[in-house]
Each structure stands twice: as structure tokens, then as C-alpha cells.
Amino acid sequence: MAGARSRNFEGWPLFANSFRPFFLLAAIQAGLSILAWLPMFYGELSVSSAFAPRDWHVHEMLYGFLPAVITGFLFTAIPNWTGRLPIQGTSLGALLAVWLAGRVAVTLSADIGWAFALAVDAAFLTLVVAAATREIIAGGNWRNLPVVVLVLVLLAGNVAFHLEAHDAGAADVGIRVGIGVVVVMISLIGGRIIPSFTRNWLVKFNPGRLPVPFGRFDGVVIGCSALALVSWIIAPLSTFTGVVMAVVGGLHLVRLARWAGDRTFRERLLLILHVGYVFVPLGFLLHALAVFGALPPSAGIHAWMAGAAGTMTLAVMSRASLGHTGQALTASPATQAIYGAIIVAALARVAAVVWPAQSDALLHIAACGWIVAFLGFALAFGPLLAGSRRRALAIMGVPVPAR
């Protein structure tokens with residue numbers, strides 16, 4: 001792997017690395033969006049969006065929040081992949097401004113027009129794909145190009161979402177395309193970083209059984225996952241989809257068992273990656289049950305989105321924020337509280353589908369857990385991301401060295 005080049009950056013530290021502004025603002029947007037969504041769900045609040053309330057909520061999670069996290073991760077990783085200079089300063093600020101403009105445009109699309117909102121919203125991922133492709137090609141790092149292809153498919157899903165919502169009044173296919181891309185990305189990236197980080201920690205702190213590194217079996221599982229998700233996008237309740245979802249869920253469980261996650265309980269920063277990945281096979285298995293009439297179809301969707309996507313983003317954001325700012329790779333009490341909140345949120349959201357009689361209470365628990373997790377991340381890690389290391393360590397309960 002090529003070593004990342006860097007330049008001395010003399011501006012505001014928030015714009016020194018891509019992960020800093022995108023992780024921080026994505027967390028704030030995720031928390032505030034759910035804070036607004038619950039009153040919207042009960043008809044107590046409305047926004048001037050051309051989308052129906054459910055579609056606004058889904059879009060801002062799937063095509064607003066997650067692309068920001070993906071961008072923060074991608075443009076932090078690409079310099080390591082290619083050895084080229086990172087995006088910083090004015091260029092990074094401009095990219096962030098385009099993302100923010102998309103959030104405003106979608107929320108006010110009933111006033112500014114759906115087509116204009118589409119153009120503004122789609123501009124962000126278009127720029128991300130263009131910049132990432134340029135960097136990977138210039139660096140000759142072809143093996144990581146599939147990640148950019150997935151972002152391109154996510155862009156196509158976003159455009160389809162807008163068009164479908166305008167033409168049909170609901171964006172069901174656009175939603176499934178976006179979720180499918182997110183699940184494949186978690187399977188691909190998680191399958192590389194989880195066993196790698198686990199191996200590094202176990203060798204140092206808990207010698208013994210080690211995780212199996214990424215190999216042919218992982219490639220087969222990802223390929224089968226893509227097949228199952230394509231079937232789900234096209235025919236979500238077909239018998240073939242149900243069968244292949246069940247098989248793929250089992251394969252992911254086997255894959256997860258090979259990563260020695262049971263040996264990581266001493267370090268929550270590592271354990272949370274394994275816990276977050278559990279929701280990937282759970283989503284496949286819940287959807288298989290839904291195909292055969294045992295559960296509503298949304299159970300698997302919430303396992304993937306609130307569970308896998310919510311937990312894995314917090315796990316990756318917290319670890320990357322610590323590692324790339326030179327902090328110890330260990331979970332502070334505040335970080336562990338954030339992890340606890342997102343797990344509660346994910347389980348409650350799935351349970352609200354499984355036990356509809358208790359859905360009101362469970363929805364409130366899920367929303368509160370999600371808000372605490374993401375706004376808690378912004379509070380705990382915000383000062384670190386913005387450049388105030390001492391304040392961040394104090395908030396997280398880490399002893400602050402004397403000046």
C-alpha cells in the first residue's frame with residue numbers, strides 16, 4: 001500500500017482532512033434529521049419538500065447522511081491507496097458546501113422545484129465520483145476502483161429516487177438501489193478492515209486464534225450478496241429472493257465467525273465493528289422470513305440501515321477520528337456510551353416492526369438512541385475534529401496531559 005503524502009496545512013484544522021468536516025456534519029445531520037422525523041411521522045411537523053414525508057426521511061439518511069460519511073472515509077483512504085496529496089482547504093470546503101446545498105435543496109424542493117433540487121443534490125456525488133476516479137487512475141491504484149463504481153451506482157440510485165418520487169409519488173426502487181449499494185459497501189470494506197484491525201490488536205494484546213484474512217471465500221460471499229440484492233431490487237418478495245437471502249445470510253454468519261470477534265471484548269473500539277456487522281446477516285435473514293410471510297418486509301431494511309449502517313458508520317468514524325489525529329485507539333467512556341445508544345436504537349427499530357403493538361414506545365426509544373448516538377458523537381469528537389484536542393479529551397473522559 002502506498003504511503004500517503006501530505007502538505008503542511010496552516011488553515012483551520014477542520015479542513016485539513018476530509019474526514020473532519022464530513023464526519024462531524026454527517027453526525028449532526030443524522031441526529032437532527034431524526035429529531036425532525038418523529039414529529040413528521042406523527043403529523044406534527046412538515047417541511048417544504050416535494051418528497052412525501054417518508055421519502056424525505058429515507059432520502060436524507062440514505063442519500064444525505066451516508067454519502068457524507070462515505071466521502072469522509074473515501075478521501076481519507078485514497079491518499080493512502082495512491083500516495084497522492086489529500087483534498088484539503090478550499091477544495092474540501094467547496095465539496096462540503098455542495099453537500100450542504102443538497103440538503104437544503106431537498107428539504108425546500110417544493111418551493112424551488114424538484115428538477116432543480118435533483119440537479120443540486122446529484123452534484124455532490126458526481127463530484128465525489130469524478131475526484132475519486134481521477135485520484136485512483138492517477139495513482140495507478142486500480143484494485144480500489146470497485147469502491148468508486150459502487151459510489152457511481154449510489155449516484156444513479158439517487159437520481160432514480162428523485163425521478164421515481166416525482167413520477168410515481170414514492171421512490172421504492174430508488175430506495176432499494178441505495179440500500180443495496182450500502183450493504184455491498186459494508187460487506188466489501190468491512191470484510192477488509194474488520195479482520196485486519198482485529199488481527200493487529202490480537203497479535204499485540206491477546207495472542208492466540210487470529211481472524212482469517214480477506215480471501216476467495218469473502219469474494220464469493222460478496223458476489224452472492226450482490227446477486228441477492230439485485231434480485232431484491234427487482235422482485236423483493238419473490239421466492240427466489242427469499243431463498244437466496246437466507247443462503248447469503250448464513251454465509252455472512254460464517255464469514256463473521258471467521259474473524260475472531262469473540263476475542264475482542266476487552267477493546268470496545270474493535271468489538272463494535274463485529275457487533276455492527278452482525279446486522280448484515282440479520283438483515284438478509286429477516287428479509288428471507290418476510291418473503292415467506294413471517295415478518296413485514298421493513299424488518300430487514302431497518303436491520304441494515306439502523307443496525308449495520310448506523311453502527312458501522314459510528315464505529316468507523318470514531319476509530320478514524322482517533323487514529324488520524326494521533327490519539328490512542330481505545331474507546332473512552334463517552335465513546336462506549338455512543339456505541340450503547342446506537343445498539344439500543346437499532347434493536348428498538350427492528351423490534352418496532354416485529355412487535356407492532358409496542359411500536360410507538362419502541363419508535364421513541366429508537367429515535368432517542370439514534371439522536372443520542374450521533375449528536376453524542378458530534379459533542380464528544382467535534383472538538384477533536386475541529387482541532388481542539390484538549391477539549392475533546394476532557395469531554396470524552398480521557399486524562400488531559402498538563403501543558
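Start by selecting α2, which gives seven residues to the lining of the second largest pocket, the most from any element. The model on screen is predicted.

**The second largest pocket**

Keep α2 shown and add α1 (19-41), α7, α11, α12 (333-354) and α13 (359-386); each of these elements, α2 included, gives two or more residues to the lining of the second largest pocket. To find the middle, select His57, Val58, Ile301, His302 and Arg349, which lie nearest the centre among 37 lining residues. The space here is about 880 Å³. Colour the lining by class and you should get 27 nonpolar, five polar and five charged residues.

**The largest pocket**

Next, select Phe73, Ile189, Arg192, Ile193 and Phe197. The volume of the largest pocket is about 1100 Å³, and these five residues, Phe73, Ile189, Arg192, Ile193 and Phe197, are the closest to its centre out of 41 that line it. Which helix gives the most to this lining? Select α7, which supplies 14 residues. Then add α2 (53-82), α6 (145-168), α8 (216-234), α10 (268-291) and α11 (298-323); like α7 (172-205), each supplies at least two residues of the lining. By class, the lining of the largest pocket splits into 28 nonpolar, eight polar and five charged residues.

**The cavities**

Stay with Ile189 and add Ile70, Met185, Ile186 and Thr313. The largest cavity has a volume of about 270 Å³; of its 16 lining residues, Ile70, Met185, Ile186, Ile189 and Thr313 are the closest to the centre. α2, α7 and α11 each bring at least two residues to this lining, and α7 gives the most, with six. The lining of the largest cavity has 14 nonpolar and two polar residues, and no charged ones.

For the second largest cavity, select Phe75, Ile78, Pro79, Leu85, Pro86, Ile87 and Glu135, which line it. The volume of this second largest cavity is about 40 Å³. α2 is its main contributor, with three residues. Six of the lining residues are nonpolar and one is charged, with no polar residue.

**Helix α5**

Now show α5 alone, residues 114-139. Its 26 residues should span 38 Å at 1.5 Å a residue, and the C-alpha atoms at its ends are 38 Å apart, so the two values agree. Centre the view on Ala123, where α5 has a kink of about 30°. Then move past the end of the helix to Gly140, which follows α5 and has a positive phi, near 65°.

**Aromatic pairs**

The whole structure holds 15 aromatic pairs. Select Phe22 and Phe124, a tilted pair with centres 5.8 Å apart and 45° between the planes. This pair joins distant parts of the chain, with Phe22 in α1 and Phe124 in α5, 102 residues apart. Are these two rings buried or exposed? Both Phe22 and Phe124 are buried.

Go on to Phe377 and Phe381, which are stacked, at 4.7 Å centre to centre and 15° between the planes. Phe377 and Phe381 are separated by about one helical turn because they are four residues apart in helix α13. Phe377 has a relative accessible area of 1% and is therefore buried; at 0% relative accessibility, Phe381 counts as buried too.

Finish at Trp37, Phe41 and Tyr42, which ring pairs link into a cluster.

Technical notes
Residues numbered from 1 in each chain as written. Predicted model: local features only at pLDDT ≥ 70, side-chain atom pairs only at ≥ 80, totals over all residues. Heavy atoms only, no water. Expected span 1.5 Å × (residues − 1). Bend = angle between axes of the 7 residues up to and from the residue. 1 Å grid on protein atoms, 1.4 Å probe; cavity = no way out; pocket = protein on both sides within 12 Å on 5 of 7 lines; lining within 4 Å. Points joined across faces, edges and corners; volume = space filled by probe spheres on them. Nonpolar A, V, L, I, M, F, W, Y, C, P; charged D, E, K, R; others polar. Phe/Tyr/Trp six-rings, centres within 6.5 Å; stacked < 30°, edge-to-face > 60°. Buried < 20%, exposed > 50% of the residue type's maximum accessible area, 1.4 Å probe, protein only.
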